[in-house]
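Thanks for passing this one along. Here are my notes, written to be read with the model open.

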Amino acid sequence: MDDDDWGSRALASCKREDLEEKEEESAGTISLVATYKEDEELSEAPEGEGDLGNFSVGFAAALLPLAPGPRLGEDMEAYVLRPAPLGRVVQCRIHRTQIRVDKNNYPSYHLYLESADGGKHFLLAGRKRKRTKTSNYLISLDPTDMARDGMNFVGKLKSNVLGTKFTIYDNGVNPNRKNFIHETAQIREELGVVCYETNVLGFRGPRKMFVVVPRMNSQNQRISIQPQNEQESLLSRLQRGDSHGLLLLQNKAPLWNENNGTYVLDFHGRVTLASIKNFQIMLPDDPDYVVLQFGRVSPDTFTMDFRYPLCPLQAFAICLSSFDGKLACE
C-alpha cells in the first residue's frame with residue numbers, strides 16, 4: 001500500500017471519530033482504566049539545576065503542591081511557553097466541543113487551569129483545521145480567535161500522513177516561507193515531537209508512544225531549536241540517531257488485570273473512565289517521574305496534569321495528538 005492509499009485511509013478515519021469513541025469504551029482489551037491506591041507521604045528531594053535534577057517524587061496529585069496560576073495582567077503567551085516550576089504539579093482540564101462541518105467532525109478543545117479552591121482559568125484553545133491533507137491543529141490564547149494569522153495564535157500541532165508522528169511548533173514562521181515575509185520575523189521553534197508506534201500486526205492493545213522535547217539548560221530554560229530546513233528538524237534528527245540537546249520520554253506501560261480484563265494505570269483518582277486515549281508519560285530511566293498524565297473523566301472532559309520540564313503549550317499539544325484518529329496504530 002502506497003502513501004497516498006494510507007493518506008486516504010488516515011483521513012477517512014477522522015470521519016469515524018464518533019464511532020471510535022463509542023467502540024473504545026466497550027473494548028475491554030484496549031481500555032486503560034484508573035486504579036486507586038492509598039496516598040503516600042511526600043518525600044523530600046532537592047531541586048536540581050538544569051534538566052530534571054534529582055527531583056523524583058511520584059506524580060500523585062496529593063503528593064505535589066500545585067503550581068501557581070498566571071498573575072493578573074501577566075503575558076499569557078509567555079506563561080503558556082514557560083516550563084512548570086520544579087517540584088510543582090499543574091492540574092488542568094480539557095473540554096471538548098464537537099462541531100460538524102460538511103458531515104465531518106472538527107472538534108474544538110479548551111484547556112483550563114484548575115485552582116486549589118476549585119475554580120478554573122482558561123489557558124488555551126485548540127481546533128482541528130478544515131480540509132488539510134494531514135491532521136493540523138491550531139492553538140490559540142482566545143477561543144473566539146482561531147485564525148492562523150490572528151493576534152492570539154500561539155502554536156500548532158501537525159501530523160504526518162499516517163497520523164503516527166506529530167510535531168509541535170510555536171507561532172514563528174515556516175523557514176520555507178522566509179523569503180515572502182518580513183526580514184525581522186522569527187523563525188518558528190520546534191517544541192517537541194510525539195510518535196506513536198505503528199501497529200503492523202493488527203493486535204488490539206494499548207497505544208505505544210514516545211515524546212521528544214528540547215532539554216533545559218542550567219538556568220532551567222528550554223534550549224531553542226529552530227530548524228532552517230527539513231534536515232535539521234526534530235524528526236530528521238531522530239531518524240539519524242542525533243539526540244543531542246533532546247529529552248526522550250515514553251508512555252508508561254499499563255499492567256494487564258486478569259480480574260476485569262483490562263489494562264490498568266494508577267492515576268490516583270484523577271481519571272475515572274476507561275479510554276484508549278488515557279496515558280502517562282515518564283522518564284525512561286525513572287518510571288516514578290511521570291511528566292504528563294491525561295485521561296477521561298466524562299464523555300467530553302479530560303484531566304491533564306503535568307510538571308517540569310513541560311510547559312502548558314507542550315502538554316496541551318501532546319494531549320491533542322492523542323485525540324486524533326490513528327488507523328495505523330490500532
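The points below start with the whole chain and then move to one strand and its neighbours.

1. Before anything else, keep in mind that this is a predicted model. The protein chain has 5 helices and 17 strands.

2. On burial, 51% of the 330 residues in the protein chain count as buried. The accessible surface adds up to about 16,100 Å², and carbon and sulfur atoms hold 49% of that.

3. How much of the contact list is long-range in sequence? Taking contacts with a separation of 6 or more, 57% are between residues 24 or more positions apart.

4. Now have a look at strand S16, which covers residues 286-298. This strand is mostly covered, with 10 of its 13 residues buried. Buried here means under 20% relative accessible area. In a regular strand, side chains alternate between the two faces of the sheet.

5. Which strand pairs with S16 over 5 bridges? That is S15, residues 279-283, and the pairing is antiparallel. If you want a spot to click on, Ile281 has Leu292 in S16 as its bridge partner. S15 and S16 make a hairpin, with 2 residues between them.

6. S16 also pairs with S17, residues 301-306, again antiparallel, through 6 bridges. Here Arg296 is bridged to Phe302 of S17. These two strands form a hairpin as well, with 2 residues between S16 and S17.

7. To put the local picture together, S16 has an antiparallel partner in S15 and another in S17.

Terms used. Residues are numbered from 1 along each chain as its sequence is written. This is a predicted model: local features need pLDDT of at least 70, side-chain atom pairs count only at pLDDT 80 or more; totals for chains, interfaces and linings use all residues. Side-chain values use heavy atoms; hydrogens and water are left out. Buried means under 20% relative accessible area, exposed over 50%, partly exposed in between (1.4 Å probe, protein chains only). Helices (H or I, at least four residues) and strands (E, at least two) are DSSP runs, numbered from the N terminus. Two strands pair if DSSP finds at least two bridges between them. Contact means heavy atoms within 4.5 Å. Accessible areas come from the Shrake-Rupley method with a 1.4 Å probe; for residues, only the protein chains shown count as cover.
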